Structure formats: structure tokens, C-alpha cells
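Student: I would like to learn how to read a protein model feature by feature. Could we work through one together?

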Amino acid sequence: MSGTRGGNGRYTRDPATAHRDAEACRLRARGLTYQQIADQLGTTRSNAYEAVQRAIADIVREPAEEVRQLELMRLDEMHTAALAILEARHFVVDRGEVVEWEGAPLIDDGPKLAAIDRLLKIQARRAALLGLDAEKKVSVSGGVKYEVVGVDPDQLK
């Protein structure tokens, strides 16, 4: 890791190290183990772990809007991947062979339906993140309870 000591004597990261930490965090978010991250970045497993932890700490300190934008970008990537699956042709395969029906490959709708389900989940997550969902009415015995999402009651005073 490279960097300099700040005025308080503490170590401060240079931009290259911050970028490397962010890359380690992205790899971890994609499901790679710390050893796999270390292998890709040419470092040790413990350094990969520390890089991910530093990047997570940075993310926690980011303003909420920046984190929201990051989540929206990730949702966009997931949406694009699911859409590619939805638009692709899928065939039924049995024992490594494409199944044919009346001389033509048999279409498998399962992956398309799964992609549709995934797209709906991504859309629901996006709506929740952006606060696009309508107010929710919850019935309670003796009356109606309203839940207003995205409003801090303390700011209403």
C-alpha cells in the first residue's frame, strides 16, 4: 500500500490505493473470496481483506445521495444482464442434446420467466430506493394506520 502521513501523523491513502481498495470491494461484491481478490490484485489475502474493509468504511462515510447513485448503477447493471437473458433464445436440453419437437428445437421459456421475475424484483428495489412507492395503508383493529415512507417525523415539527 502506498500513501503519505498526514499532518496528524496518520497514514493517508493516495488515489491509486483508494482506487485499488475500491476495486477489491467491487470484486468482493461480485462474490469473490479474499484469496481470489488477492490473486487478481497481486497481493496477500490479508491485504485484500483490509482493502475491502477500507473501501466499505469509505462507502459508509459517503453522503446518502452518492450511495443511492451507486446502488442505482448496480441495479442498472443487473437490469441489463437480466434483459439480455430475457431477449435471448433458450432451448430445452436433455443429456447434453437440444430437444427437438416436430423437427425444430424446443424453446425453453423457463429462463425468460426467471428473467422477468428478476426484472420485477430489480424494479421494485429501484422504486423503493427512489421512494416511488405510494403510501401504504395498514388496517388496524379500531382504525386505520398510515405509514409515510421517506419522511422524518422530527422534521415536521
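Tutor: We will go from the overall layout to the core, the surface, the salt bridges and the aromatic rings. Keep in mind that this is a predicted model.

Student: Which elements make up the chain, and in what order do they run?

Tutor: Start with the count, then the order. The chain has five helices and eight strands. Reading from the N terminus, the order is β-β-α-α-α-α-β-β-β-β-α-β-β.

Student: How many residues does the chain have, and what share of them counts as buried?

Tutor: The chain has 157 residues, and 15% of them count as buried. For the outside, take the accessible surface, which is about 11900 Å² for the chain. Carbon and sulfur atoms account for 54% of that surface.

Student: What share of the contacts joins residues at least 24 apart in sequence?

Tutor: The count covers contacts between residues at least 6 apart in sequence, and 36% of these join residues at least 24 apart.

Student: How should I read a nonpolar core?

Tutor: The general idea is that in soluble globular proteins nonpolar side chains tend to be buried together. Now the case here. The largest nonpolar core consists of ten residues: Ala24, Leu27, Leu32, Tyr34, Ile37, Ala38, Leu41, Ala48, Ala51 and Val52. Three helices, α1 (15-29), α2 (34-41) and α3 (45-61), supply at least two residues each to this core.

Student: Which helix gives the most to this core?

Tutor: Helix α2 does, with four residues.

Student: What does leucine 32 touch, leaving out residues up to four places away in sequence?

Tutor: With those left out, leucine 32 touches Leu27, Ile37 and Gln40. Leu27 and Ile37 are themselves listed in the core.

Student: Now the surface. Which residues form a nonpolar patch there?

Tutor: Leu113, Ile116 and Leu120 form one, and together they have about 270 Å² of accessible area. Take isoleucine 116 as the example. Isoleucine 116 sits in helix α5 (residues 110-130).

Student: Why does isoleucine 116 count as partly exposed?

Tutor: The class follows from relative accessibility: under 20% is buried, over 50% is exposed, and partly exposed is in between. Isoleucine 116 is partly exposed because its relative accessibility is 37%.

Student: How far apart are isoleucine 116 and isoleucine 85, in sequence and in space?

Tutor: The two distances are read separately. In sequence they are 31 residues apart, while their C-alpha atoms are 9.2 Å apart in space.

Student: How many salt bridges does the structure hold?

Tutor: It holds four salt bridges. For each one, read the partners, the atom distance and the places in the chain. Arginine 26 pairs with glutamate 23, with 3.2 Å between the closest N and O atoms.

Student: Why are arginine 26 and glutamate 23 separated by about one helical turn?

Tutor: Because they are three residues apart in helix α1. Arginine 26 is partly exposed, at a relative accessible area of 41%, and glutamate 23 is partly exposed at 26%.

Student: What is the salt bridge partner of arginine 74?

Tutor: The partner is glutamate 71, and the closest N and O atoms are 2.9 Å apart. These two are also three residues apart, in helix α4 (residues 64-87), so about one helical turn separates them. Arginine 74 counts as partly exposed at 27% relative accessibility, and glutamate 71 does at 26%.

Student: Which residue forms a salt bridge with aspartate 76?

Tutor: Arginine 126 does, with the closest N and O atoms 2.4 Å apart. Aspartate 76 belongs to helix α4 and arginine 126 to helix α5, so the pair ties together parts 50 residues apart in sequence. Aspartate 76 is partly exposed at 39% relative accessibility, and arginine 126 is partly exposed at 24%.

Student: Last, the aromatic rings. How many aromatic pairs does the structure hold?

Tutor: There is one aromatic pair. Tyrosine 34 and tyrosine 49 form this pair, which is edge-to-face, with 5.1 Å centre to centre and 70° between the planes. Tyrosine 34 is in helix α2 and tyrosine 49 in helix α3, 15 residues apart, and the pair links distant parts of the chain.

Student: Is tyrosine 34 buried or exposed?

Tutor: Tyrosine 34 is buried, with a relative accessible area of 13%. Its partner, tyrosine 49, counts as partly exposed at 40% relative accessibility.

Note on methods:
Residues are numbered from 1 along each chain as its sequence is written. This is a predicted model: local features need pLDDT of at least 70, side-chain atom pairs count only at pLDDT 80 or more; totals for chains, interfaces and linings use all residues. Side-chain values use heavy atoms; hydrogens and water are left out. A nonpolar core is a set of buried Ala, Val, Leu, Ile, Met, Phe, Trp, Tyr and Cys residues joined through side-chain atoms within 4.5 Å. Buried means under 20% relative accessible area, exposed over 50%, partly exposed in between (1.4 Å probe, protein chains only). Contact means heavy atoms within 4.5 Å. Accessible areas come from the Shrake-Rupley method with a 1.4 Å probe; for residues, only the protein chains shown count as cover. Patches are made of residues with over 30% relative accessible area and no salt bridge: like charges are joined within 9 Å, nonpolar side chains (Val, Leu, Ile, Met, Phe, Trp, Tyr) within 5 Å. A salt bridge is a side-chain nitrogen of Lys or Arg within 4 Å of a carboxyl oxygen of Asp or Glu. Rings of Phe, Tyr and Trp (its six-membered ring) pair if their centres lie within 6.5 Å; planes under 30 degrees apart count as stacked, over 60 as edge-to-face and the rest as tilted.
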